[in-house]
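Here are my notes on the model you sent over. I've kept them as numbered points so you can go through them with the structure open.

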Amino acid sequence: MTVVLNHTIVRARDRHASARFFSALLGLEPEPDAGPFAAVRVNDDLTLDFDDRGPVAAGHYGFLVDDPTFDALLGRLDGIPYGSGPEHGWDRRINTINNGRGVYVGDPDGHSYEFFTVPPSLV
């Protein structure tokens, strides 16, 4: 049986502002509202559904991206907090874990979006 993550809810103070923020990171466009959610289609399988109906609790979301997407993302980080890892704060650097590149990006609601070009090692 194949299991694919189809959607997840991301709590936000303002669902539309959060969807625009995340979309801009990846050069995407928000989808039309889906009920109470401002949705962003990440790929053919996954949407992030931003929801402002409840309290916000900071979350962590990790994304495997290709090198051109990573390069484009770096070009969009002007004025946005980012860093090489949680232990380094927003040091405005990238990491080279597993011989790839990675970066953590902070959003206005306290979420951390991690983008990496090589999957993390589970060993």
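1. Let's start with a pair of side chains: what do the side chains of Arg53 and Asp51 meet in? They form a salt bridge, with N to O at 2.9 Å. Keep in mind as you read on that this is a predicted model.

2. The two partners sit in quite unlike surroundings. Asp51 has a relative accessibility of 1%, so it counts as buried. Arg53 comes out at 55%, and therefore counts as exposed. The pair isn't on its own, either: Arg11, Asp51 and Arg53 are linked in a network of salt bridges.

3. How many salt bridges does a search of the whole structure find? The tally is seven. I'll go through two others below, since each comes with some context.

4. One of them joins Arg101 to Asp71, where the closest N and O atoms are 2.7 Å apart. Asp71 belongs to helix α2, while Arg101 is in the loop between β5 (82–83) and β6 (102–106), so this salt bridge ties together parts that are 30 residues apart in sequence. As for exposure, Arg101 is partly exposed at 21% relative accessibility. Asp71 is partly exposed too, with a relative accessible area of 41%. With the cut-off for buried at under 20%, the 21% of Arg101 puts this residue in the partly exposed class.

5. Next is Asp33 with Arg15, a salt bridge whose closest N and O atoms are 3.6 Å apart. Arg15 is in helix α1 and Asp33 in the loop between α1 (15–26) and β2 (38–41), so parts 18 residues apart in sequence are tied together here. Is Arg15 buried or exposed? Its relative accessibility is 19%, so Arg15 counts as buried. Asp33, at 40%, counts as partly exposed.

6. Leu74 is worth a look while you're at helix α2, which covers residues 67–74 and includes this leucine. Which residues does Leu74 touch, leaving aside its neighbours within four places in sequence? Its contacts are Ile94 and Arg101; Arg101 is the residue that also forms the salt bridge with Asp71. Leu74 has 29% relative accessibility and so counts as partly exposed. For a sense of distance, the C-alpha atoms of Leu74 and Val3 are 31 Å apart, with these positions 71 residues apart along the chain.

7. Now for the overall fold. The protein has two helices and seven strands, and from the N terminus the order reads β-α-β-β-β-α-β-β-β. Its radius of gyration is 14 Å, close to the 14 Å given by the globule rule for 123 residues, so the protein is as compact as a globular protein of that length. Along the principal axes, the C-alpha atoms fill a box of roughly 40 × 40 × 25 Å.

8. On packing, 39% of the 123 residues count as buried. Among contacts with a separation of 6 or more, 52% are between residues 24 or more positions apart.

9. Last, the surface and the charges. The exposed area is about 7,200 Å², and carbon and sulfur atoms supply 53% of it. The protein carries 10 positive and 18 negative charges, and the mean positions of the two sets are 4 Å apart.

How values were computed:
Residues numbered from 1 in each chain as written. Predicted model: local features only at pLDDT ≥ 70, side-chain atom pairs only at ≥ 80, totals over all residues. Heavy atoms only, no water. Helix = DSSP H or I, 4+ residues; strand = E, 2+ residues; numbered from the N terminus. Rg over C-alpha atoms; globule rule 2.2 N^0.38 Å. Buried < 20%, exposed > 50% of the residue type's maximum accessible area, 1.4 Å probe, protein only. Contact = heavy atoms within 4.5 Å. Areas by Shrake-Rupley, 256 points an atom, 1.4 Å probe, with all protein chains shown as cover. Lys, Arg positive; Asp, Glu negative; His and termini not counted. Charge placed at Lys NZ, Arg CZ, Asp CG, Glu CD. Salt bridge = Lys/Arg side-chain N within 4 Å of Asp/Glu carboxyl O.
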